[in-house]
Amino acid sequence: MGAFVVKRLLATIPVMAMVALVVFLILRLSPGDPAAILAGDAATPENIAKIRATLGLDRPILVQFVDWVWQLLNGDLGTSLLSLQPVALTIGQRVGPTVSLAVTTIVFSVIVAVPLGVIAAWKHGTWIDRGVMGLSVVGFSVPVFVLGYGWIYGLAMQLRLFPVQGYSSLADGFGPFIQHLVLPTLTLSVIFIALIARMTRASVLEILTEDYIRTAHAKGVSEQRVLIHHALRNAAVPIVSVIGIGIALLIGGVVVTESVFNLPGLGRLTVDAVLARDYPIIQGVILVFSAAYVLINLMIDIAYTVFDPRIRY
């Protein structure tokens, strides 16, 4: 197990290096000039050139990249071009709402989707199966922002059950904390539930055709034990895989969801930084998202070995 984990950790190094290179080049080669934005509409070319020199944007791209990588290796993500605050500090101030939304979404999605997928496989061909698959198709088809505004209109504005927008930290009380996260979690969970439910159904359905399942039935094992201890456990590897894949969808959905519900998280920070061409903020946030995604996939790989020890070798 130790060798397996070390091997996976070493594999993340070139991945993160490639991510850093791609992010740096895309931002630097895309249209727009942050110096012009900082200078304002009435700025003269001389003022813009002066700001570019101050920010180091007039140097060759290779020199900028080497300096940036050196800063990263020293734990420095840079300084925001607009707020002049350290990027690490800014991200630290915004990471709370994003982590809270991500955790509630993952937990809620798994709790709902896995039982739905198992029941759909168990009742294969019935109206229950068709209903679950129909809901999955709808979940994949409806855009996140449409779902968000739908929840706001129905549950917040009409029924007045939850706040429309905003965020309350856990320090302010568990009740307000959950109330502000219910609608964003419901919005972001729909596509995640659809993805996990479909994969759970397909995996469990395939396992139910195996010989040892028929043997368990022949021995008089209860249906519940067959589904949970035999079918679901042996179908866990592909289910865990799709949960890891869904993290990518989750990261993309966070940006839209936080904008719809006005959550002061990393998603909103990314949108504001893109509009302002704040290179250090964009680079820092993307690197944080990428590192989180790589780390979660590493945890998924380790989880494989729990369900199927043969993967270690």
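Here's a quick tour of this structure, from the overall build down to a few residues worth finding in the viewer. Keep in mind that this is a predicted model. The protein chain is built from 13 helices and zero strands. It runs to 313 residues, of which 37% count as buried. Two salt bridges turn up in the count, and one of them ties helix α6 to helix α8.

**Overall build**

- Reading from the N terminus, the order of elements is α-α-α-α-α-α-α-α-α-α-α-α-α.
- Along the principal axes, the C-alpha atoms take up a box of roughly 85 × 55 × 35 Å.
- Take the contacts in the protein chain with a separation of 6 or more: 73% of them join residues 24 or more positions apart.
- The chain exposes about 16,700 Å², and 69% of that comes from carbon and sulfur atoms.

**A nonpolar patch on the surface**

- Met18, Leu21, Val22, Leu25, Ile26, Leu29 and Ile61 together make a nonpolar surface patch of about 600 Å².
- Helix α1, covering residues 2-29, is the top contributor to the patch, with six residues.
- Met18 is a handy place to start looking, and you'll find Met18 in helix α1.

**Helix α6, two sides**

- Helix α6 covers residues 127-141, and at 1.5 Å a residue its 15 residues should span 21 Å; the end C-alpha atoms are 21 Å apart, so expectation and model agree.
- On the buried list for α6 are Asp129, Val132, Met133, Ser136 and Gly139.
- Those buried residues sit on the same side of α6, because they cover an arc of only 115° around the axis.
- As background, an α-helix has 3.6 residues a turn, so residues three or four places apart point the same way.
- Turn to the face of α6 pointing away from the buried side and you'll see the exposed residues Trp127, Arg130, Leu135 and Ser141.
- The cover over the buried residues of α6 includes α5 (87-122) and α8 (174-207).

**Salt bridge one: Asp129 and Arg201**

- In general, side chains of opposite charge can pair when their charged atoms come close.
- Asp129 and Arg201 are joined by a salt bridge between their side chains, at 2.6 Å from N to O.
- This pair brings together distant parts of the chain, with Asp129 in helix α6 and Arg201 in helix α8, 72 residues apart.
- Neither partner is out on the surface: Asp129 and Arg201 are both buried.
- Arg201 has a relative accessible area of 16%, and buried means under 20%, so Arg201 makes the cut.
- Besides Asp129, the residues that Arg201 touches include Gly117, Ala120, Ala121, His124 and Met133, leaving aside residues up to four places away in sequence.

**Salt bridge two: Asp211 and Arg214**

- Asp211 pairs with Arg214 in a salt bridge whose closest N and O atoms are 2.2 Å apart.
- Both partners belong to helix α9 (residues 211-218), where they are three residues apart, or about one turn of the helix.
- Asp211 is exposed, at 53% relative accessible area.
- Arg214 counts as partly exposed, with 48% relative accessibility.

**Two buried residues and their neighbors**

- Leu195 is part of helix α8.
- With 16% relative accessibility, Leu195 counts as buried.
- Setting aside residues up to four places away in sequence, Leu195 touches Phe140, Val242, Gly246 and Leu249.
- One of those partners makes a nice case of sequence against space: Leu195 and Gly246 are 51 residues apart in sequence, yet their C-alpha atoms are 7.4 Å apart.
- Thr257 belongs to helix α11 (residues 236-261).
- Thr257 is buried, with a relative accessible area of 1%.
- The contacts of Thr257, again not counting residues up to four places away in sequence, are Leu101, Val144, Pro184, Thr187 and Leu188.

Definitions and conventions. Residues numbered from 1 in each chain as written. Predicted model: local features only at pLDDT ≥ 70, side-chain atom pairs only at ≥ 80, totals over all residues. Heavy atoms only, no water. Helix = DSSP H or I, 4+ residues; strand = E, 2+ residues; numbered from the N terminus. Expected span 1.5 Å × (residues − 1). Buried < 20%, exposed > 50% of the residue type's maximum accessible area, 1.4 Å probe, protein only. Arc of directions from axis to C-beta. Contact = heavy atoms within 4.5 Å. Salt bridge = Lys/Arg side-chain N within 4 Å of Asp/Glu carboxyl O. Areas by Shrake-Rupley, 256 points an atom, 1.4 Å probe, with all protein chains shown as cover. Patch = residues over 30% accessible without salt bridge, like charges linked within 9 Å, V, L, I, M, F, W, Y side chains within 5 Å.
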